[in-house]
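Reader: Please give me a close account of the charged pairs in this structure and of the strands and core around them. I should like the terms defined as they come up.

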Amino acid sequence: MSTQYPGGILSKTPPTTSGTAYTGVATGIWTLEQALQAKKAGNWPKGLTVPDAPTIGTATGGNAQASVTFTAPADTGGTAITGFTVTSSPSGLTGTGASSPIVVTGLSNGTPYTFTVTATNAQGTSAASAASNSVTPSAINKTSTVEYLVVAGGGGGGGRSGGGGGAGGFRTASGFAVSTGSPITVTVGAGGSASQPPSNGSNSVFSTITSTGGGAGGSASASPRTAGQNGGSGGGANYDQNTIFGTGAAGQGNDGGTATNGSPNYGAGGGGGASAVGGDGSSTVAGNGGNGTSSSISGSSSNYAGGGGGGTYGNGGTRGSGGTGGGGDGSINGTGQAGTTNTGAGGGGGSGSPDDDGGAGGSGIVIIRYADTFDDAASTTGSPTFTTTGGYKIYKWTGSGSITF
């Protein structure tokens with residue numbers, strides 16, 4: 001059956017289109033209205049064209065260069081995109097490539113630049129994208145040395161007139177050489193457990209520098225009973241194994257204190273600290289934790305790595321105080337106090353009436369700094385706190401991570 005179309009044209013078949021938007025064919029006889037409707041519906045062949053403009057991303061400056069990200073256009077014009085060109089403003093310097101990102105070199109340090117991107121196919125080159133953010137290239141100025149503070153986790157305190165936990169190893173120095181381009185490991189040691197028997201703290205690490213976890217305090221409530229343990233600083237002795245204290249690692253800490261098994265209060269020994277040995281216990285007084293050491297590497301003076309105080313048996317005795325630098329106090333009637341978090345302090349010893357546990361050791365910390373005339377680190381992990389103060393750039397980790405210069 002024939003169909004009468006507007007304009008008096010007869011056709012046995014309605015007009016149609018076939019193929020793709022770029023290479024399709026319109027067959028039959030079309031009125032203007034039909035063609036406009038087909039175009040509005042996106043069904044009218046449009047032929048091969050240049051691509052749409054790319055979408056600009058982010059420009060990042062470097063030393064006499066910049067890296068520019070972008071997104072390729074969805075409409076490629078019907079043929080494959082053969083390349084992209086990034087152009088600087090000012091100077092019109094270009095970089096080319098097959099995908100994002102593209103680096104433009106030869107820029108002048110100290111000069112601000114923006115960038116646009118075009119796409120090219122067999123039909124030609126697209127319009128330019130919108131301009132990027134402005135960046136100013138600058139010379140690379142990486143530090144080659146840092147100052148560090150590495151404090152390990154403190155040891156847990158012992159139970160039942162238990163010895164104070166030893167502080168985590170304390171190491172600090174300046175002029176430590178660092179390399180660029182590769183991640184440097186940072187490990188922050190956990191404090192030792194307060195469950196009986198208590199455990200040593202865990203090591204902290206920066207690059208090749210390792211500080212040893214603090215020794216656990218001696219425990220008379222454990223089965224079998226445990227002596228003060230060796231560590232960064234040694235754990236104090238419990239009242240029963242009263243002469244067996246932990247020893248500290250050379251250059252990192254000090255020994256724990258001795259205890260007494262004499263009545264009425266059976267004072268346990270204090271844990272060693274970064275700057276002093278743990279105090280010895282007597283029949284009425286437990287030993288104090290050894291004092292820690294102060295450092296201003298963070299921009300203000302803080303004490304780290306105090307030993308935990310020893311516990312005593314029964315009321316009427318005097319507990320051992322924790323050493324400066326976060327050491328937990330021992331107890332006369334209850335659980336020993338935990339060492340302060342991120343100081344590497346030892347936990348306090350528990351009392352002997354009832355048989356109470358000691359306190360957990362405090363976790364460690366890693367801090368580095370270098371002159372603020374140098375560039376920021378290229379990247380970090382572990383969410384360190386970053387500050388610039390007193391002429392230094394300072395990175396402080398309270399959890400494990402890494403840094404790349």
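Author: Arg369 forms a salt bridge with Glu147, with 2.8 Å between the closest N and O atoms; a salt bridge here is a side-chain nitrogen of Lys or Arg within 4 Å of a carboxyl oxygen of Asp or Glu. This is a predicted model, in which local features need pLDDT of at least 70 and side-chain atom pairs count only at pLDDT 80 or more, while totals for chains, interfaces and linings use all residues. Residues are numbered from 1 along each chain as its sequence is written, and side-chain values use heavy atoms, with hydrogens and water left out.

The two partners come from distant parts of the chain, Arg369 from strand 19 and Glu147 from strand 12, 222 residues apart. Strands are DSSP runs of E with at least two residues, numbered from the N terminus. Arg369 counts as buried, at 14% relative accessibility. Buried means under 20% relative accessible area, exposed over 50% and partly exposed in between, with a 1.4 Å probe and protein chains only. Side chains of opposite charge can pair when their charged atoms come close.

The structure holds five salt bridges, and two others deserve attention. Arg160 forms one with Asp355, the closest N and O atoms being 3.1 Å apart. This pair also links distant parts of the chain: Arg160 is in the loop between strand 12 and strand 13, Asp355 is in the loop between strand 18 and strand 19, and 195 residues separate them. Asp355 is partly exposed, with a relative accessible area of 44%. Beyond its neighbours within four places in sequence, Arg160 is in contact with residues including Tyr239, Tyr313, Gly350 and Asp356, where contact means heavy atoms within 4.5 Å.

The same two loops hold residues with an unusual backbone angle to note. Ser161, in the loop between strand 12 and strand 13, has a positive phi near 50° although it is not glycine. Ala305, in the loop between strand 18 and strand 19, has a positive phi near 60°, again in a residue other than glycine. Ser161 is buried at 0% relative accessibility, and Ala305 is buried at 0% relative accessibility.

In the other pair, Asp376 forms a salt bridge with Lys393, the closest N and O atoms being 2.5 Å apart. Asp376 lies in the loop between strand 19 and strand 20 and Lys393 in strand 22, so the pair ties together parts that are 17 residues apart in sequence. Asp376 is partly exposed, with a relative accessible area of 39%, whereas Lys393 is buried, with 10%.

The strands named in these pairs lead to the core. The largest nonpolar core has 18 residues, and Val146, Phe206, Ile368, Trp397, Ile403 and Phe405 have the most contacts inside it. Strand 12 (145-151), strand 14 (184-187), strand 19 (365-371) and strand 22 (392-397) are the elements that give two or more residues to this core. A nonpolar core is a set of buried Ala, Val, Leu, Ile, Met, Phe, Trp, Tyr and Cys residues joined through side-chain atoms within 4.5 Å. In soluble globular proteins, nonpolar side chains tend to be buried together. Leaving out residues up to four places away in sequence, Phe405 touches a set of residues that includes Val146, Val178, Ile184, Ile368 and Tyr370.

Strand 14 also belongs to an open sheet of five strands, ordered 16-15-14-23-20, in which the pairing is antiparallel; two strands pair if DSSP finds at least two bridges between them. Strand 16 (209-211) and strand 20 (379-381) are the edge strands, each pairing on one side only. Within this sheet, strand 14 and strand 23 (residues 401-404) pair in the antiparallel sense over three bridges, and Thr185 has Ser402 as its bridge partner in strand 23.

To gather the charged pairs together: Arg369 with Glu147 joins strand 19 to strand 12, Arg160 with Asp355 joins two loops, and Asp376 with Lys393 joins a loop to strand 22. Strand 12, strand 19 and strand 22 are among the elements that give two or more residues to the largest nonpolar core.

Technical notes: Helices (H or I, at least four residues) and strands (E, at least two) are DSSP runs, numbered from the N terminus.
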